[in-house]
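Let's walk through this model together, starting with the overall layout and then turning to its pockets and a few individual residues. Keep the structure open beside you as you read.

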Amino acid sequence: MSAPLSVLQKAERLQAEARRLNEGEKGEEEARRISERISVLHNQLMSLQRRLRIARSLMAQPAAGDIDLSGLDTGLAAFTRHCEGGGLPPNPAFTRASTAVQKVADRIAQDSQEAWRQWTQAQLAALQMARQAMLSLQDQARAKALHQDLIKNARADVDAAVITLFANAHAELAELLETAPPPPEGLQTLLDRLASGTALLLSDITDEEIALLRRVDLDADLEVRRRRT
């Protein structure tokens, strides 16, 4: 994005030239117009740069998908010609450039948010949460706190800070779970059923499964309510 920003530097020099050549009320008005439009386009380009950093940070994570970063200079070619030709860019040139930059920035932001949702869900699903019950009480508390932070961050708008927080917490939790012995057979399948989001009746859970939850001290994490009739 250094090239588009250099285009703005050229436009700023043209603005200074406008002041020099057009002293008086008309020249000041033209210089003010250019200054305002330069400020708007500069802010949009800085926003695009920030969204590019977020997208690249996300793509740098293990198993993260690609995000389309094409079209970064779309709409700036005509604006560049106005700057290099020695004339002051007219309002339509600014408008076309601003519209194109905003469109690309919005697309990258939307694609990054969707990529973030897919990546975080995959990372959460890969955790062996059934092992949490096999940890010491202190480590169980830490694992639970880390998992809650992961869920919270996965629901947030993606930015560089939240990507780092999620990645660090996930790495710590995965390492902690690896230290636990394998859980009893069938526990992970049962926990996946309970976490699926589909409401289960008490009759859907067998006595053996209830006994299994009690054996690993997970029965206190479940809630049973009578269904309204």
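**A tour of the chain**

Starting at the N terminus, the order of elements in the chain is α-α-α-α-α-α-α-α. That gives eight helices and zero strands. Please bear in mind throughout that this is a predicted model.

Some overall values help to set the scene. The chain has 229 residues, and 36% of them are buried. Its accessible surface is about 14,200 Å², with 50% of that belonging to carbon and sulfur atoms. If you take the contacts between residues at least 6 apart in sequence, 74% of them join residues at least 24 apart.

Now let's turn to the pockets. The largest pocket has a volume of about 850 Å³, and 22 residues line it. To find its centre on your screen, look for Met129, His147, Ile151, Leu191 and Ala195, the lining residues that lie nearest to that point. Two or more lining residues come from each of helix 4 (91-126), helix 5 (137-154) and helix 7 (187-194). Which of the helices gives the most to this lining? Helix 5 does, with five residues. Sorted by class, the lining of the largest pocket holds 13 nonpolar, five polar and four charged residues.

The second largest pocket holds about 650 Å³ of space. Its lining is made up of 17 residues, and the closest to the centre are Leu200, Leu202, Ile205, Glu223 and Val224. Helix 8 (residues 207-215) supplies the largest share of this lining, with three residues. In the second largest pocket the classes divide into 10 nonpolar, two polar and five charged residues.

Helix 8 deserves a visit of its own. Which of its residues are buried? They are Glu209, Leu212 and Leu213. These residues sit on the same side of helix 8, because they cover an arc of only 100° around the axis. Helix 7 is among the parts of the structure that cover them. If you look at the face of helix 8 turned away from the buried side, you will find the exposed residues Asp207, Glu208, Arg214 and Arg215. After helix 8 comes Asp217, which has a positive phi, near 60°.

A positive phi deserves a second glance. Most residues other than glycine have a negative phi. Another place to look is Ala63, a residue other than glycine whose phi is positive, near 70°. Where does Ala63 lie? You will find Ala63 in the loop between helix 2 (25-59) and helix 3 (77-84). Is Ala63 buried or exposed? With a relative accessible area of 72%, Ala63 is above the 50% cut-off, so Ala63 counts as exposed.

For a contrasting environment, move to Leu173, which is part of helix 6 (residues 160-178). Its relative accessible area is 0%, so Leu173 counts as buried. What does Leu173 touch, leaving aside residues up to four places away in sequence? Its contacts are Leu127, Met129, Ala143, Leu146, His147 and Leu150. Two of these names may be familiar, since Met129 and His147 are among the residues that lie nearest the centre of the largest pocket. Leu150 is 23 residues from Leu173 along the chain, and 9.5 Å separates their C-alpha atoms.

Two more residues round off the tour, each paired with a partner elsewhere in the chain. Ser47 belongs to helix 2 and is partly exposed, with a relative accessible area of 22%. Between Ser47 and Asp106 there are 59 residue positions along the chain, yet their C-alpha atoms are separated by 9.8 Å. Ala78, in turn, is found in helix 3. Is Ala78 buried, partly exposed or exposed? Its relative accessibility is 25%, so Ala78 counts as partly exposed. The partner here is Arg96, which is 18 residues from Ala78 in sequence and 8.8 Å away in space, C-alpha to C-alpha.

Conventions. Residues numbered from 1 in each chain as written. Predicted model: local features only at pLDDT ≥ 70, side-chain atom pairs only at ≥ 80, totals over all residues. Heavy atoms only, no water. 1 Å grid on protein atoms, 1.4 Å probe; cavity = no way out; pocket = protein on both sides within 12 Å on 5 of 7 lines; lining within 4 Å. Points joined across faces, edges and corners; volume = space filled by probe spheres on them. Helix = DSSP H or I, 4+ residues; strand = E, 2+ residues; numbered from the N terminus. Nonpolar A, V, L, I, M, F, W, Y, C, P; charged D, E, K, R; others polar. Buried < 20%, exposed > 50% of the residue type's maximum accessible area, 1.4 Å probe, protein only. Contact = heavy atoms within 4.5 Å. Areas by Shrake-Rupley, 256 points an atom, 1.4 Å probe, with all protein chains shown as cover. Arc of directions from axis to C-beta.
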